[in-house]
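Student: I would like to go through this model with you and ask, label by label, what justifies the words we use for it.
Tutor: Then let us set each value against its cut-off and draw the conclusion from there.

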Amino acid sequence: PEQILESELFGYERGAFTGAHARKPGRVELAEGGTLFLDEIGEISMSVQVKLLRLLQDRQYERLGGTRTLSANVRFVTATHRNLEKMVRAGTFREDLYYRLNVVRVDLPPLRERRDDIEPLATHFCQVANRQTGRQVTFTPEAVTRLVRAEWRGNVRELQNFVERLVVLAESESVSEKDVEREQQRALGLLEAEESRAGESSVISLDAALRRAERQALEKALRKSGGNRALAARILGVSRRALFYKLREHDIG
């Protein structure tokens, strides 16, 4: 929400809004003398764009509910997956802010267009997951080849979550091409449906089958993550908030 974003960026004074019991510094103030990274810059509202433009142009801002002008000695790095030029033409992103941000520009192609990066990234994410889980999982050359050939519409984040699931769910210390293929099918929702059909001796309702499969997936992710809910959420490819909601829904402690 717009007001929360402003308070996070610029901070607020005591009494600025209900619940503001004390002064709080914003991210800009906390980044003083350093670098502030603003992700998904194309999502901010027009009113916040105006305040951000002033911050970038004049290096000045006020806390929410405040009257004193503060100075910012901060390097700004921003990122977006959206086409800001089209947004400028459509009138949803300020042209002056766009040109103020577009000083040193780095265009990063999607992961599927830089396949040479996939193997080192997958290896790195595997090593990180190994440290987190205490395992020593590696990928066979055939498994790596299959990873490199995948499309990765979700880019690096999708690859990271996928590799973490492979490591946590691996039955042995070596991930094979078949393991990768199986997880790709699981990600598409095909594997659970096939396993449910194979294991059914009688017809049950679709809702019941989906709820059972969902509960099994939740329980397995929690087992594999050793109860670490943040890791379980990454295994399942959902946010922590979505995971907590599903745990409550299925009454899983």
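Student: Why is Tyr98 called buried?
Tutor: This is a predicted model, and in it Tyr98 has a relative accessible area of 8%; because buried means under 20%, Tyr98 is classed as buried. Tyr99, by contrast, has a relative accessible area of 53%, and since exposed means over 50%, Tyr99 is classed as exposed.

Student: What makes Tyr98 and Tyr99 an aromatic pair, and why is the pair called edge-to-face?
Tutor: The two ring centres lie 5.1 Å apart, and the limit for pairing is 6.5 Å, so Tyr98 and Tyr99 count as a pair. The angle between their planes is 65 degrees, and because planes over 60 degrees apart count as edge-to-face, that is the label given here. The structure holds three aromatic pairs, of which Tyr98 and Tyr99 form one.

Student: How do you know that Glu62 makes polar contacts with the side chains of Arg54 and Thr69?
Tutor: The side chains of Glu62 and Arg54 are joined at 2.9 Å, and those of Glu62 and Thr69 at 2.7 Å; the cut-off for such N or O pairs is 3.5 Å, so both qualify as polar contacts. Glu62 is found in the loop between strand E2 (60-61) and strand E3 (70-71), and beyond its neighbours within four places in sequence, Glu62 is in contact with Phe10, Arg54, Thr67, Arg68 and Thr69.

Student: Why is Glu62 called partly exposed?
Tutor: Glu62 has a relative accessible area of 26%, and because partly exposed covers the range between the 20% and 50% limits, Glu62 falls in that class.

Student: What makes Glu8 and Arg27 a salt bridge?
Tutor: Their closest N and O atoms are 3.1 Å apart, and the cut-off is 4 Å, so the pair of Glu8 and Arg27 qualifies. Glu8 lies in helix H1 (residues 2-10) and Arg27 in helix H2 (residues 27-30), so the salt bridge ties together parts that are 19 residues apart in sequence. Both partners are partly exposed, Glu8 at 27% relative accessibility and Arg27 at 45%.

Student: Why does the pair of Arg105 and Glu85 tie together parts of the chain that are apart in sequence?
Tutor: Arg105 forms a salt bridge with Glu85 in which the closest N and O atoms are 2.8 Å apart. Arg105 lies in the loop between H5 and H6 whereas Glu85 lies in helix H4 (residues 84-90), so the parts that are tied together are 20 residues apart in sequence.

Student: How many salt bridges does the count come to?
Tutor: The count comes to 23 salt bridges. Among them, Arg135 and Glu173 meet at 3.3 Å, N to O, and salt bridges that share partners join Glu13, Arg23, Glu29 and Arg63 into one network.

Student: How do you know that Ser225 is buried?
Tutor: Ser225 has a relative accessible area of 10%, and because the limit for buried is under 20%, the label follows for Ser225. Ser225 is found in the loop between helix H11 (206-224) and helix H12 (229-236), and its side chain reaches the backbone oxygen of Leu222 at 3.2 Å.

Conventions: Residues numbered from 1 in each chain as written. Predicted model: local features only at pLDDT ≥ 70, side-chain atom pairs only at ≥ 80, totals over all residues. Heavy atoms only, no water. Phe/Tyr/Trp six-rings, centres within 6.5 Å; stacked < 30°, edge-to-face > 60°. Buried < 20%, exposed > 50% of the residue type's maximum accessible area, 1.4 Å probe, protein only. Helix = DSSP H or I, 4+ residues; strand = E, 2+ residues; numbered from the N terminus. Contact = heavy atoms within 4.5 Å. Polar contact = N/O pair within 3.5 Å; in protein donor to acceptor, adjacent residues only side chain to side chain. Salt bridge = Lys/Arg side-chain N within 4 Å of Asp/Glu carboxyl O.
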